[in-house]
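Q: Could you walk me through this one? I'd like to go region by region.

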Amino acid sequence: MKRISVWLLLAALAVPAPGDEFTEEDLKRWKAEYMKVMERGEKLFHSPLGSNNVSCDQCHPNGANTHPETYPKFQKQLGKVATLREMINWCLQNPLEGKPLALDSDEMIALEAYIHWERRGVPLAPGKH
Amino acid sequence: MKRRQFLKGMGLAGLGATLPFSLVEISFAMGTKPAEHESFTFAYISDSHLTHLGGTRFTRNFDQGLRKAVMEVNLMDPKPDFVVYGGDLAQLGKREELDHGLELLSALRPPIKWVIGEHDFYLDMGRYWEDKISPLHYSFDHKGVHFVVLNSILTYEDWIARWPTAEERMANMARLDNPHGSPFLVGEAQLRWLAEDLAKYDANVPVVVLSHSPLYKIFKPWNFWTDDAEQVQKLLQRFHRVTVLHGHVHQVLYNQIGNITFYAMMATAWPWPYPVSYVQKPNQVPKLTVFMNRADPFHERDGTGWDILDLDSGTITNHYQLWMNENRTVAFDFKLKHPVDLKYQDPDKRIPPQFHY
């Protein structure tokens, strides 16, 4: 009985499961794809995205004080639990005096990718203030 | 309607005049030494970053900060002997920005002592400032205290030469988190001048140094850093009571290195995070500082303000005027031999918004 289980296990390992498999090359490519979007986000973060020549990095050098690890969290000023993307849009509309981005736009995802990258390694702390 | 708005404005102004400014008569010379000179106060306004948008248009938010500081300094009672403008009046060193700043500051009643910041300097290497506003380094005496103004935002010649246009040079110096930035310098020529200037003074004379960048090293990636700071400190250490007041960092920050007390002044434009909030690089933020409250972006003026300084016994008491927060007072403690926050220095007294991460 034991012997049969071992054989079954070996057989399972020997059969490729293509959907779950990836190579070092894949990992490199995926990271590169992420970094491309992150770098676009870095450029956007350092550009005037609104109407008053103010850019995100003026208050948040290296994305500091954005605390992406704490979202979603309750924003007393909005009266609800909000996401990082909603706060990015709040900044675009208020300190930058501009227009909000669509929440699923490439620009929004790029900004999020940059903000998270600068905060990498920090443990998740949803809801924290 | 217009008359009513006018009266409302007058009412607010009248109220302001009776509120925080009477505090400046209180001095906190904790310890022993009596004043050996006449006590006096001065105000410090800094880092307004006026941003030109074209024609006569400027970024509203930053204009508002400077206007508010000017209005409040004019309400100080007793009146300050002078006002220090701590640099970064402009955002990109443009004449339009400096002229606009001069116009807003022309409403100030006391005379101004000028310190240049990197945002004022790197478009034309300080030429317009020097022609129209002030020398870049100088010294003066006031009621027994020796004041020295340094241009601490110089940098290395090879960095200056690497940019194809003045605009690119300015933009690259203006970006705080620029990986292609360059650390600030006081430089050999100014160090020689400083040594000669200080040589004329006895070690008992109180000395106050005014610079834009901190004359010590806090965080190189954001240029909270002066590369030759130790050489300046060496020239200052022989004085018994010596204080450095600087702008640039847009936050409550204070430190003590040997005999020298350091205070950062508030910005009128926006607050910077403390470098402890950027986890990818190590920092040397002074342990002594009780941080200001984390700013609430929904209150435009939160985390900004200006400073009232009063001199008693040759040390400075720094009254941080924080617009959306309780004001903070930091004074030199003669027993501990370093500055202390009069309310929050004890770690048990600190409040949650002072915790930055």
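Q: In what order do the strands of the open sheet in chain B run?
A: In this predicted model, 7 strands of chain B form an open sheet with mixed pairing, in the order β5-β4-β1-β12-β13-β14-β15. Strands are DSSP runs of E with at least two residues, helices are runs of H or I with at least four, and both are numbered from the N terminus; two strands pair if DSSP finds at least two bridges between them.

Q: Which strands stand at the edges?
A: β5 (112-114) and β15 (338-341) of chain B do, and because each has a single partner strand, one side of each is left without a neighbour in the sheet. From one strand to the next, the twist averages 25°, where axes are lines fitted to C-alpha atoms (for helices over the stretch in contact) and angles run from 0 to 180 degrees between N-to-C directions.

Q: How do β12 and β13 of chain B pair?
A: Strand β12(B), residues 305-312, and strand β13(B), residues 315-322, are antiparallel over 8 bridges, and Leu309(B) has Asn318(B) in β13(B) as its bridge partner.

Q: And which strands does helix α2 of chain B lie across?
A: Helix α2(B), residues 60-74, lies across β1 (40-45), β4 (83-85), β12 and β13 of chain B, and runs at about 170° to β1(B).

Q: Before I switch chains, what are the numbering and confidence conventions?
A: Residues are numbered from 1 along each chain as its sequence is written, while chains are lettered from A and ligands numbered from 1 in the order in which they are written. As the model is predicted, local features need pLDDT of at least 70 and side-chain atom pairs count only at pLDDT 80 or more, whereas totals for chains, interfaces and linings use all residues.

Q: Now chain A: at what angle do α2 and α4 cross?
A: The axes of α2(A), residues 24-45, and α4(A), residues 106-118, cross at roughly 95° and come within 7 Å. The two helices are therefore roughly perpendicular, a label for angles of 65 to 115 degrees, with under 35 counting as roughly parallel, over 145 as roughly antiparallel and the rest as oblique.

Q: Is α3 of chain A largely enclosed or exposed?
A: Helix α3(A), residues 84-93, is largely enclosed by the rest of the structure, because 7 of its 10 residues are buried (20 or more other C-beta atoms within 10 Å of a residue's own, against 12 or fewer for exposed and in between for partly exposed, with C-beta atoms placed from the backbone). Among the buried residues are Arg85(A) and Asn89(A).

Terms used: Contact = placed C-beta atoms within 7 Å.
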